[in-house]
Amino acid sequence: MLGLRNIARSAPRSAARFSSKAIRPQSSLLRPVAALPAWTQAAPRLAASFHISAVRRQESDVKEELVAKLQNEITMEEELKEDEDLSTNIKEYLENSSFELEDKPGHQEVTLTRTFGDEIIRITFSTADLNNNVPNEDLAESAMYDNEVDDIVDGQSGGANTKGAINQGSTRNGNIRVAPEDRVAPADREELDDEYDEDMQQQGFPAHANIRIERPGKGALAIDATAQDGDFIIEDLWYFPSADLADPATAEKDWARRTLYTGPPFNNLDEDLQVLLEKYLEERGVNTRMALFIPDYIDHKEQKEYIRWLNNVKKFVE
(Lines give C-alpha, C1' and ligand atoms only; values in the text may rest on other atoms or scores of the structure.)
Protein backbone atom coordinates (compact mmCIF):
# COMPACT_ATOMS: atom_id res chain seq x y z
CA MET A 1 0.00 0.00 0.00
CA LEU A 2 2.80 2.39 0.87
CA GLY A 3 4.64 1.74 -2.38
CA LEU A 4 1.42 2.05 -4.41
CA ARG A 5 0.74 5.49 -2.97
CA ASN A 6 4.19 6.75 -3.98
CA ILE A 7 3.74 5.28 -7.47
CA ALA A 8 0.27 6.82 -7.80
CA ARG A 9 1.65 10.19 -6.81
CA SER A 10 4.71 10.19 -9.03
CA ALA A 11 3.47 8.59 -12.27
CA PRO A 12 0.62 10.99 -13.16
CA ARG A 13 2.73 14.01 -12.31
CA SER A 14 5.65 13.03 -14.48
CA ALA A 15 3.32 12.27 -17.38
CA ALA A 16 1.53 15.59 -16.93
CA ARG A 17 4.81 17.51 -16.88
CA PHE A 18 5.98 15.74 -19.98
CA SER A 19 2.77 16.36 -21.91
CA SER A 20 2.53 20.00 -20.84
CA LYS A 21 6.09 20.64 -21.99
CA ALA A 22 5.43 18.91 -25.27
CA ILE A 23 2.37 21.00 -26.24
CA ARG A 24 3.12 24.34 -24.58
CA PRO A 25 3.78 26.95 -27.32
CA GLN A 26 6.96 28.93 -27.00
CA SER A 27 6.69 32.65 -26.42
CA SER A 28 7.73 34.97 -29.21
CA LEU A 29 10.09 36.64 -26.74
CA LEU A 30 12.29 33.54 -26.85
CA ARG A 31 12.76 33.60 -30.62
CA PRO A 32 16.21 34.54 -31.92
CA VAL A 33 16.47 38.01 -33.38
CA ALA A 34 18.02 36.64 -36.55
CA ALA A 35 14.89 34.57 -37.24
CA LEU A 36 12.56 37.61 -37.22
CA PRO A 37 11.83 39.55 -40.43
CA ALA A 38 13.78 42.73 -41.02
CA TRP A 39 10.74 45.01 -40.71
CA THR A 40 9.97 43.73 -37.24
CA GLN A 41 13.40 44.74 -35.98
CA ALA A 42 12.75 48.32 -37.00
CA ALA A 43 9.29 48.46 -35.38
CA PRO A 44 8.67 51.12 -32.69
CA ARG A 45 9.17 50.18 -29.00
CA LEU A 46 5.42 50.47 -28.48
CA ALA A 47 5.20 46.83 -29.59
CA ALA A 48 6.91 45.80 -26.35
CA SER A 49 3.74 46.48 -24.38
CA PHE A 50 1.92 43.85 -26.41
CA HIS A 51 4.52 41.20 -25.57
CA ILE A 52 4.48 42.04 -21.85
CA SER A 53 0.70 41.76 -21.66
CA ALA A 54 0.85 38.41 -23.44
CA VAL A 55 3.38 37.12 -20.93
CA ARG A 56 1.23 38.35 -18.07
CA ARG A 57 -1.80 36.55 -19.48
CA GLN A 58 0.27 33.38 -19.84
CA GLU A 59 1.49 33.66 -16.23
CA SER A 60 -2.11 34.13 -15.08
CA ASP A 61 -3.18 30.98 -16.93
CA VAL A 62 -0.34 28.96 -15.40
CA LYS A 63 -1.21 30.24 -11.93
CA GLU A 64 -4.86 29.24 -12.29
CA GLU A 65 -3.87 25.83 -13.66
CA LEU A 66 -1.44 25.27 -10.77
CA VAL A 67 -4.03 26.21 -8.15
CA ALA A 68 -6.56 23.85 -9.75
CA LYS A 69 -4.01 21.02 -9.81
CA LEU A 70 -3.09 21.58 -6.16
CA GLN A 71 -6.76 21.49 -5.19
CA ASN A 72 -7.19 18.27 -7.17
CA GLU A 73 -4.27 16.71 -5.27
CA ILE A 74 -5.75 17.83 -1.95
CA THR A 75 -9.13 16.30 -2.82
CA MET A 76 -7.53 13.03 -3.91
CA GLU A 77 -5.46 12.75 -0.72
CA GLU A 78 -8.48 13.54 1.45
CA GLU A 79 -10.38 10.72 -0.24
CA LEU A 80 -7.48 8.33 0.31
CA LYS A 81 -7.39 9.29 3.97
CA GLU A 82 -11.08 8.47 4.33
CA ASP A 83 -10.65 5.06 2.69
CA GLU A 84 -7.78 3.98 4.95
CA ASP A 85 -8.58 2.37 8.29
CA LEU A 86 -5.32 3.07 10.09
CA SER A 87 -6.62 5.39 12.79
CA THR A 88 -8.21 2.48 14.70
CA ASN A 89 -4.89 0.64 15.09
CA ILE A 90 -3.06 3.84 15.99
CA LYS A 91 -5.70 4.89 18.51
CA GLU A 92 -5.72 1.43 20.11
CA TYR A 93 -1.96 1.48 20.58
CA LEU A 94 -1.88 4.97 22.07
CA GLU A 95 -4.73 4.20 24.46
CA ASN A 96 -3.11 1.01 25.77
CA SER A 97 0.55 2.03 25.66
CA SER A 98 2.61 3.60 28.42
CA PHE A 99 4.30 5.87 25.88
CA GLU A 100 3.23 9.45 25.23
CA LEU A 101 3.24 10.68 21.64
CA GLU A 102 4.83 13.99 20.63
CA ASP A 103 3.91 14.99 17.09
CA LYS A 104 4.52 18.59 16.05
CA PRO A 105 2.61 19.71 12.95
CA GLY A 106 4.94 20.63 10.12
CA HIS A 107 7.81 18.51 11.46
CA GLN A 108 8.80 15.12 10.11
CA GLU A 109 10.03 13.60 13.39
CA VAL A 110 7.77 11.90 15.95
CA THR A 111 8.77 10.98 19.50
CA LEU A 112 7.48 8.39 21.98
CA THR A 113 8.50 8.93 25.61
CA ARG A 114 7.89 7.16 28.93
CA THR A 115 9.48 6.54 32.30
CA PHE A 116 10.42 3.08 33.54
CA GLY A 117 11.57 3.25 37.15
CA ASP A 118 14.31 5.88 37.16
CA GLU A 119 14.81 5.52 33.40
CA ILE A 120 13.70 8.00 30.76
CA ILE A 121 13.01 6.21 27.47
CA ARG A 122 12.68 8.11 24.19
CA ILE A 123 12.05 6.62 20.73
CA THR A 124 12.28 8.90 17.70
CA PHE A 125 11.23 8.05 14.14
CA SER A 126 10.63 10.08 10.99
CA THR A 127 8.48 10.24 7.87
CA ALA A 128 11.71 10.46 5.88
CA ASP A 129 11.89 6.66 5.94
CA LEU A 130 8.67 6.47 3.92
CA ASN A 131 9.76 9.14 1.44
CA ASN A 132 13.15 7.50 0.99
CA ASN A 133 11.59 4.12 0.30
CA VAL A 134 11.60 3.73 -3.51
CA PRO A 135 9.97 0.42 -4.50
CA ASN A 136 10.39 0.99 -8.23
CA GLU A 137 14.17 1.00 -8.02
CA ASP A 138 14.16 -2.11 -5.86
CA LEU A 139 11.93 -3.93 -8.31
CA ALA A 140 14.07 -2.83 -11.23
CA GLU A 141 17.24 -4.01 -9.56
CA SER A 142 15.57 -7.30 -8.68
CA ALA A 143 14.43 -7.79 -12.27
CA MET A 144 17.91 -7.05 -13.60
CA TYR A 145 19.39 -9.54 -11.15
CA ASP A 146 16.85 -12.19 -12.13
CA ASN A 147 17.66 -11.69 -15.80
CA GLU A 148 21.37 -12.05 -15.12
CA VAL A 149 20.76 -15.28 -13.21
CA ASP A 150 18.58 -16.63 -16.01
CA ASP A 151 21.29 -15.85 -18.57
CA ILE A 152 23.87 -17.66 -16.47
CA VAL A 153 21.63 -20.69 -15.96
CA ASP A 154 20.70 -20.89 -19.63
CA GLY A 155 24.36 -20.67 -20.61
CA GLN A 156 25.33 -23.68 -18.52
CA SER A 157 25.34 -27.14 -20.12
CA GLY A 158 24.18 -29.14 -17.14
CA GLY A 159 26.34 -29.03 -14.02
CA ALA A 160 25.22 -26.21 -11.74
CA ASN A 161 21.76 -25.82 -13.26
CA THR A 162 20.88 -29.44 -12.61
CA LYS A 163 20.88 -29.30 -8.81
CA GLY A 164 17.69 -30.78 -7.42
CA ALA A 165 16.44 -32.09 -10.77
CA ILE A 166 14.46 -35.31 -10.92
CA ASN A 167 14.46 -36.49 -14.54
CA GLN A 168 18.16 -36.51 -15.30
CA GLY A 169 20.45 -38.33 -17.63
CA SER A 170 24.16 -38.30 -18.38
CA THR A 171 25.49 -36.59 -21.48
CA ARG A 172 28.56 -37.60 -23.46
CA ASN A 173 30.80 -35.05 -21.76
CA GLY A 174 29.74 -36.11 -18.27
CA ASN A 175 27.32 -33.31 -17.51
CA ILE A 176 23.75 -33.93 -16.41
CA ARG A 177 20.82 -33.51 -18.79
CA VAL A 178 17.74 -31.91 -17.21
CA ALA A 179 14.23 -32.42 -18.51
CA PRO A 180 12.31 -29.22 -19.39
CA GLU A 181 9.66 -29.87 -16.74
CA ASP A 182 12.37 -29.77 -14.08
CA ARG A 183 13.49 -26.26 -15.03
CA VAL A 184 10.97 -24.73 -12.62
CA ALA A 185 11.83 -22.15 -10.01
CA PRO A 186 10.96 -23.15 -6.42
CA ALA A 187 8.50 -20.25 -6.16
CA ASP A 188 6.53 -21.65 -9.13
CA ARG A 189 6.03 -25.09 -7.63
CA GLU A 190 2.49 -25.68 -6.35
CA GLU A 191 3.57 -27.32 -3.11
CA LEU A 192 5.50 -24.14 -2.15
CA ASP A 193 2.86 -21.57 -3.12
CA ASP A 194 1.61 -21.06 0.43
CA GLU A 195 5.12 -20.62 1.81
CA TYR A 196 6.07 -17.98 -0.75
CA ASP A 197 2.74 -16.15 -0.44
CA GLU A 198 3.27 -15.93 3.31
CA ASP A 199 6.76 -14.52 2.83
CA MET A 200 5.47 -11.88 0.40
CA GLN A 201 2.74 -10.79 2.79
CA GLN A 202 5.27 -10.27 5.56
CA GLN A 203 7.24 -7.78 3.52
CA GLY A 204 6.76 -4.19 4.68
CA PHE A 205 8.65 -0.95 4.59
CA PRO A 206 11.48 -0.61 7.14
CA ALA A 207 11.24 2.25 9.65
CA HIS A 208 14.34 3.46 11.44
CA ALA A 209 14.02 4.13 15.18
CA ASN A 210 16.45 5.94 17.50
CA ILE A 211 16.08 4.58 21.03
CA ARG A 212 17.54 6.45 24.01
CA ILE A 213 17.50 5.19 27.62
CA GLU A 214 18.81 7.60 30.24
CA ARG A 215 19.45 7.09 33.97
CA PRO A 216 20.38 9.92 36.34
CA GLY A 217 24.09 9.82 37.11
CA LYS A 218 24.63 6.67 35.03
CA GLY A 219 24.69 7.99 31.48
CA ALA A 220 22.67 6.66 28.57
CA LEU A 221 22.24 3.83 26.10
CA ALA A 222 21.73 4.77 22.46
CA ILE A 223 20.25 2.10 20.20
CA ASP A 224 19.71 2.30 16.45
CA ALA A 225 17.10 -0.20 15.31
CA THR A 226 14.77 -0.90 12.38
CA ALA A 227 11.09 -1.76 12.82
CA GLN A 228 9.82 -4.10 10.13
CA ASP A 229 7.22 -6.90 9.99
CA GLY A 230 6.54 -6.63 13.72
CA ASP A 231 10.17 -7.01 14.77
CA PHE A 232 12.90 -4.67 15.93
CA ILE A 233 16.26 -5.38 14.32
CA ILE A 234 19.01 -3.84 16.44
CA GLU A 235 21.82 -2.45 14.33
CA ASP A 236 23.99 -0.67 16.89
CA LEU A 237 24.05 -0.19 20.66
CA TRP A 238 26.28 2.41 22.32
CA TYR A 239 26.92 3.40 25.93
CA PHE A 240 27.67 7.03 26.88
CA PRO A 241 28.81 8.09 30.35
CA SER A 242 26.81 11.31 30.00
CA ALA A 243 23.26 11.55 28.62
CA ASP A 244 24.00 14.73 26.64
CA LEU A 245 26.56 12.80 24.56
CA ALA A 246 23.87 10.46 23.23
CA ASP A 247 22.37 13.37 21.26
CA PRO A 248 25.08 16.05 21.14
CA ALA A 249 23.72 19.56 20.68
CA THR A 250 27.07 21.30 20.12
CA ALA A 251 30.18 20.67 18.09
CA GLU A 252 32.20 20.19 21.29
CA LYS A 253 29.82 17.50 22.51
CA ASP A 254 29.90 15.82 19.12
CA TRP A 255 33.71 15.78 19.15
CA ALA A 256 33.74 14.37 22.69
CA ARG A 257 31.33 11.67 21.56
CA ARG A 258 33.54 10.66 18.64
CA THR A 259 36.57 10.16 20.85
CA LEU A 260 34.79 7.67 23.14
CA TYR A 261 34.80 3.89 22.87
CA THR A 262 31.08 3.15 22.82
CA GLY A 263 31.08 -0.58 22.13
CA PRO A 264 31.47 -3.11 19.31
CA PRO A 265 28.95 -3.69 16.50
CA PHE A 266 25.84 -5.37 17.86
CA ASN A 267 26.17 -8.37 15.56
CA ASN A 268 29.64 -9.04 16.96
CA LEU A 269 28.27 -9.61 20.45
CA ASP A 270 27.70 -13.06 21.90
CA GLU A 271 24.35 -14.40 20.69
CA ASP A 272 23.05 -14.95 24.22
CA LEU A 273 23.98 -11.38 25.06
CA GLN A 274 22.12 -10.15 21.98
CA VAL A 275 19.00 -12.06 23.03
CA LEU A 276 19.13 -10.67 26.58
CA LEU A 277 19.53 -7.10 25.32
CA GLU A 278 16.50 -7.59 23.06
CA LYS A 279 14.50 -8.85 26.04
CA TYR A 280 15.73 -5.83 28.01
CA LEU A 281 14.13 -3.57 25.41
CA GLU A 282 10.94 -5.65 25.23
CA GLU A 283 10.50 -5.27 28.98
CA ARG A 284 10.49 -1.50 28.49
CA GLY A 285 7.86 -1.56 25.75
CA VAL A 286 10.08 -1.70 22.68
CA ASN A 287 8.21 -4.74 21.40
CA THR A 288 6.16 -6.16 18.54
CA ARG A 289 3.23 -3.80 19.13
CA MET A 290 5.51 -0.79 18.80
CA ALA A 291 7.23 -2.27 15.74
CA LEU A 292 3.81 -2.51 14.06
CA PHE A 293 2.68 0.91 15.26
CA ILE A 294 5.66 2.93 13.99
CA PRO A 295 5.28 2.20 10.24
CA ASP A 296 1.51 2.73 10.50
CA TYR A 297 1.94 6.08 12.19
CA ILE A 298 4.62 7.16 9.73
CA ASP A 299 2.21 6.50 6.88
CA HIS A 300 -0.57 8.33 8.75
CA LYS A 301 1.59 11.36 9.54
CA GLU A 302 3.17 11.57 6.11
CA GLN A 303 -0.26 11.88 4.52
CA LYS A 304 -1.31 14.59 7.01
CA GLU A 305 1.90 16.52 6.39
CA TYR A 306 1.55 16.14 2.62
CA ILE A 307 -1.99 17.55 2.71
CA ARG A 308 -0.78 20.41 4.93
CA TRP A 309 2.07 21.08 2.49
CA LEU A 310 -0.31 21.13 -0.47
CA ASN A 311 -2.58 23.62 1.30
CA ASN A 312 0.34 25.85 2.21
CA VAL A 313 1.63 25.90 -1.36
CA LYS A 314 -1.87 26.55 -2.67
CA LYS A 315 -2.34 29.52 -0.30
CA PHE A 316 1.04 30.89 -1.33
CA VAL A 317 0.30 30.66 -5.06
CA GLU A 318 -3.24 32.06 -4.83
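**Figure 1. Arg 284 and its two partners, Tyr 280 and Glu 119, in the predicted model.** The charged end of Arg 284 lies over the ring of Tyr 280, at 3.6 Å from the ring centre. Arg 284 also makes a salt bridge with Glu 119, in which the closest N and O atoms are 2.6 Å apart. This salt bridge joins distant parts of the chain: Arg 284 belongs to the loop between helix H9 (271-283) and H10, Glu 119 belongs to strand S3, and 165 residues separate them. Arg 284 and Glu 119 are both buried. A charge over a ring also appears elsewhere in the model, where Arg 114 lies over the face of Phe 99 at 5.6 Å from the ring centre.

**Figure 2. The aromatic cluster of Tyr 93, Phe 125, Phe 293 and Tyr 297.** The structure contains four aromatic pairs. One of them, Phe 125 with Tyr 297, is edge-to-face, with 6.5 Å between the centres and 85° between the planes. The pair brings together distant parts of the chain, since Phe 125 is in strand S3 (residues 119-126) and Tyr 297 is in helix H10 (residues 288-317), 172 residues apart. Phe 125 has a relative accessible area of 2% and is therefore buried. Tyr 297 is likewise buried, its relative accessible area being 5%. Together with Tyr 93 and Phe 293, these two residues make up one aromatic cluster.

**Figure 3. The salt bridge between Asp 103 and Lys 304, and the network around it.** The side chains of Asp 103 and Lys 304 meet at 3.8 Å, N to O. Distant parts of the chain are linked by this pair: Asp 103 is in strand S1 (residues 100-103), whereas Lys 304 is in helix H10, 201 residues away in sequence. Asp 103 is partly exposed, at 22% relative accessibility. Lys 304 is also partly exposed, with a relative accessible area of 31%. Both residues belong to a network of salt bridges that further includes Lys 301, Glu 305 and Arg 308. In total, the structure holds 15 salt bridges.

**Figure 4. The salt bridge between Glu 73 and Lys 69 within helix H3.** The closest N and O atoms of Glu 73 and Lys 69 are 3.5 Å apart. The two residues are separated by about one helical turn, because they lie four residues apart in helix H3 (residues 47-83). Glu 73 is buried, at 7% relative accessibility. Lys 69, in contrast, is partly exposed, and its relative accessible area is 36%.

**Figure 5. Asp 224, a buried acidic residue without a salt bridge.** Asp 224 is part of strand S7. The nearest side chain of opposite charge is that of Arg 212, 4.1 Å away. A salt bridge requires a distance within 4 Å, so this pair is not counted as one. Beyond its neighbours within four places in sequence, Asp 224 contacts His 208, Ala 209, Asn 210 and Arg 212, as well as Ile 233, Ile 234, Glu 235, Asp 236 and Trp 238.

**Figure 6. Asp 229 in the loop between strands S7 and S8.** Strand S7 covers residues 219-228 and strand S8 covers residues 231-240, with Asp 229 in the loop between them. Asp 229 has a positive phi of about 55°, although it is not a glycine. The residue is partly exposed, at 42% relative accessibility.

**Figure 7. Glu 282 and Phe 232.** Glu 282 is found in helix H9 and is partly exposed, with a relative accessible area of 48%. Its C-alpha is 9.6 Å from that of Phe 232, and the two residues are 50 residues apart in sequence.

**Figure 8. The whole chain, for orientation.** The chain has 318 residues, of which buried residues make up 27%. Its secondary structure consists of ten helices and eight strands. Of the contacts with a separation of 6 or more, 54% are between residues 24 or more positions apart. The accessible surface of the chain is about 21700 Å², and carbon and sulfur atoms account for 53% of that surface.

How values were computed:
Residues numbered from 1 in each chain as written. Predicted model: local features only at pLDDT ≥ 70, side-chain atom pairs only at ≥ 80, totals over all residues. Heavy atoms only, no water. Phe/Tyr/Trp six-rings, centres within 6.5 Å; stacked < 30°, edge-to-face > 60°. Buried < 20%, exposed > 50% of the residue type's maximum accessible area, 1.4 Å probe, protein only. Lys NZ or Arg CZ within 6 Å of the ring centre and 35° of its normal. Contact = heavy atoms within 4.5 Å. Areas by Shrake-Rupley, 256 points an atom, 1.4 Å probe, with all protein chains shown as cover. Lys, Arg positive; Asp, Glu negative; His and termini not counted.
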